[in-house]
Amino acid sequence: MSTETPEELETKRYKESKRDLIAAWVVTAPLAVAMIYHMFLSRIPGFEFFELFASGFVIFFAGRRTIRGAWIALTHKHTNMDTLIFFGSVASWFTTLLLLVGLPVASFGAIGAMIVAFHLTGRFIESRLRDRAAKEIRALLKIQSKEARIITEEGEVLVPIEAVKEGFLVVVKPGERVPVDGEIVEGTSSVDESMITGESIPVRKTSGDEVVGGSLNLTGFLKVQVTRVGEDTFLSQMIRLIQEAQGAKVPIQALADRITNWFVPAIILLATFSAILWYFQFENFQPFLDRAREFLPWVVNTTDPLSAAVFVFVATVVIACPCALGLATPMALVTGTGLAARKGLIIRNAEAIQTSKDVKVVLMDKTGTITEGQPKVVSHNLSRDEYVIVAAIEARSNHPLAKAIAGSVDTGSPDFSDVDVEEVEELAGEGVKATVKGHVYFIGRPENPDVYRDSLMEGKTVVEVRKDGEKIGHIVIEDPIREDSKEAVEHLKAMGIKPVMVTGDNEKTARAVASQVGIEEVYAGVKPSEKLDIVRRYQSEGVKVVMVGDGMNDAAALKGADVGIAIGSGTDLAIDSADIVITKGGVSKIVDAVKISRLTFKVIKQNLFWAFFYNVVAIPSAMMGLLHPVIAEAAMAFSSITVVLNSSKISRKKGGGEI
């Protein structure tokens, strides 16, 4: 059983395709030059023997993986691009063999070698792009720590990373990488998170702050309590998402695959039909060839029906070889997802590339999406004892506001650990309820938000605390707006996309934040199920909808939207429900996603046009005997080169904007 990782296999395939490509062109290039010299300048003695063995080497050795792909397709009773490449190259090679055994046919063995060489060139380019994506994954893998220094009763012990469990205390010294995801319980330091977030400026981290495995501790000594290990770490999730994205297909690619599936047998039938027709009706068609030769000197000059039939068959199969068709979508898709990754976007579902271009409405959660998602408690009017109880209850919740409250007290203090919290219940869109010492506490949405009007008008959030149904106090929390939110909203409007805020927060806070970033349409006090209803309401109007969020309460709406976009720092459920994950940055990445979608899909359509254009124009000419296989091969190569160059425009587009 192979132990190679997907990235190692991709690199192995890339090296193999490179070796095959070099072997093919080392033989094909001099063979093509010799063929042209032999055909148009002066005959080379024994050229046909050289052509037979040289082209045979290219077709059956360098192109062996193509033959294997064609055989697998045929044994499964379908066809693909490899099938037509196989038929075209082998048919061309057989013309040389037929000539050498004495039949009066033109020899096109060199054309067979050229078909395979150009096909391998396209495959090599695609493999190179995939290898580049694999290198990005390997770069992430390299920053994963192999060991961690944990604190035990015997002191500090260095153990393999696989042995580290949730709840362990890990020591991270200056200059070391943080080995796991966790929360700082002691120490202050500057942490370089550039490999994870793309932000080059170190971030100051202190007790209560979260750190991500793979980030670099620069200045201080830290003790970190492990919160996530193994496949649950942020870094592992990002690697998995990139791997998923590499194997994804857009719907238009599935269409191209279906077209190829019927296109191949159709071409073989047309080529066979044309050859049979020319063979049995040659005397009737010969005058047409004679007249055509006056304008097209490459038209076959023969008096033998078999020679004309073989000429037409080979020319038709060669011009139809769908190298460009096979490259059209994958080339654009790989370069598009590559650009997205550089912009901080991981496309989990490739269909999102096709859908995002048509988006008309963007629904955005407030906390963690428009705002930074790192709220801080700015004030409260609870007693010390009651506040500790509230913090102990909130420590059981995953909500960003709950984390802010829990993080504002010393979780290691005796009075915190002595709080016995029972019957914890999350009330979706409302808050959290729990029992402590026989008293029922509720922490969440205020009964009457008007009481807190001043704080709410400043864009702050107020969490009300009720004990046995009676209000005992409130907590004021502030979550700064992301720097890019206002500019992103302006760009969305300029692109003809309506930005809408959908939040569980109260109306006054929501509208205060919305007015600061320029959003006019606001849905506040919305429960998770109601977010999905809002998505469907817009969809019922016939528009494509993007939902952007980071929390567990956004998961249903993310799944129900035409495109779900999750903030990478959000919950696992939100990320798993999304089509696109933002690994660095905020709302501005929505603009990038739409621009990249429009650019990529535009290039895909252009590629498919060029791929089909040559076939539609040239196949009838080949069937009529007006197209020489050499010209057919040149047209096929030019079509493939056009597709490759056109796709490369995406990677050169720094901003991901329109062409």
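**Exercise 1. A residue and its rings**

Does Trp93 count as buried or exposed, going by its relative accessibility?

*Solution.* The model is predicted, and the values used here are computed from it. The first step is to find the relative accessibility of Trp93, which is 16%. The second step is to compare this value with the cut-off: a residue is buried when its relative accessible area is under 20%, and therefore Trp93 counts as buried.

Now describe the aromatic pair that Trp93 and Phe94 form, and place it among the ring pairs of the model.

*Solution.* Begin with the total, which comes to nine aromatic pairs. In the pair formed by Trp93 and Phe94, the centres are 5.4 Å apart and the angle between the planes is 80°. Since planes over 60 degrees apart count as edge-to-face, the pair of Trp93 and Phe94 belongs to that kind. The two partners can then be set side by side: Trp93 is buried at 16%, whereas Phe94, with a relative accessible area of 39%, is partly exposed. Finally, ring pairs also bring in Phe60, so that Phe60, Trp93 and Phe94 are linked into a cluster.

**Exercise 2. Charges over rings**

Which rings lie beneath Arg64 and Lys357, and at what distances from the ring centres?

*Solution.* Take Arg64 as the starting point: it lies over the face of Phe61, and the distance to the ring centre is 4.5 Å. Turn next to Lys357, whose charged end sits over the ring of Phe601, at 4.4 Å from the centre of that ring.

**Exercise 3. A hairpin and its sheet**

Follow the chain from strand E1 into strand E2, and then work out where these strands stand in their sheet.

*Solution.* Strand E1 covers residues 147–152 and strand E2 covers residues 155–160, and the two pair in the antiparallel sense over six bridges. A hairpin of two residues joins E1 to E2. To see one bridge in detail, look at Ile151, whose partner in E2 is Glu156.

The next step is to widen the view to the open sheet of six strands, whose order is E2-E1-E3-E9-E4-E7 and whose pairing is antiparallel. At its edges are E2 and strand E7 (210–211), each of which pairs on one side only. At the E7 end, strand E4 (residues 181–186) is joined to E7 by two bridges, and these strands run antiparallel. Here Glu183 has Glu210 in E7 as its bridge partner.

Where does Ala163 lie relative to these strands?

*Solution.* Ala163 is in the loop that runs between E2 and strand E3 (169–172). Its relative accessible area is 38%, so Ala163 is partly exposed. Although Ala163 and Ala148 are 15 residues apart along the chain, their C-alpha atoms are separated by 8.9 Å.

**Exercise 4. A mixed sheet**

Read the strand order of the open sheet with seven strands, and explain why its edge strands each have a free side.

*Solution.* The order is E10-E22-E21-E20-E11-E18-E19, and the pairing is mixed. The edges are strand E10 (345–347) and strand E19 (521–523); each has a single partner strand, so one side of each is left without a neighbour in the sheet. On average, neighbouring strands of this sheet are turned by 20° against each other, with direction ignored. An example of parallel pairing comes from strand E11 (residues 359–364) and strand E18 (residues 498–502), which are paired over four bridges. Within that pairing, Val361 has Lys498 in E18 as its bridge partner.

**Exercise 5. Positive phi angles**

Compare the settings of Glu423 and Asp468, each of which has a positive phi without being a glycine.

*Solution.* For Glu423, phi is near 50°, and the residue lies in strand E13 (residues 421–427). Glu423 has a relative accessible area of 65%, and is therefore exposed. For Asp468, phi is about 55°, and this residue is found in the loop between strand E16 (461–467) and strand E17 (470–478). Asp468 counts as partly exposed, at 43% relative accessibility.

**Exercise 6. The whole chain**

How many helices and strands does the chain have, and what share of its residues is buried?

*Solution.* The chain has 24 helices and 22 strands. Of its 659 residues, 52% count as buried. The accessible surface comes to about 29600 Å², and carbon and sulfur atoms hold 57% of it. Lastly, among the contacts with a separation of 6 or more, 68% are between residues 24 or more positions apart.

Notes
Residues are numbered from 1 along each chain as its sequence is written. This is a predicted model: local features need pLDDT of at least 70, side-chain atom pairs count only at pLDDT 80 or more; totals for chains, interfaces and linings use all residues. Side-chain values use heavy atoms; hydrogens and water are left out. Rings of Phe, Tyr and Trp (its six-membered ring) pair if their centres lie within 6.5 Å; planes under 30 degrees apart count as stacked, over 60 as edge-to-face and the rest as tilted. Buried means under 20% relative accessible area, exposed over 50%, partly exposed in between (1.4 Å probe, protein chains only). A charge sits over a ring if NZ of Lys or CZ of Arg is within 6 Å of the ring centre and within 35 degrees of the ring normal. Two strands pair if DSSP finds at least two bridges between them. Axes are lines fitted to C-alpha atoms, for helices over the stretch in contact, and angles run from 0 to 180 degrees between N-to-C directions. Contact means heavy atoms within 4.5 Å. Accessible areas come from the Shrake-Rupley method with a 1.4 Å probe; for residues, only the protein chains shown count as cover.
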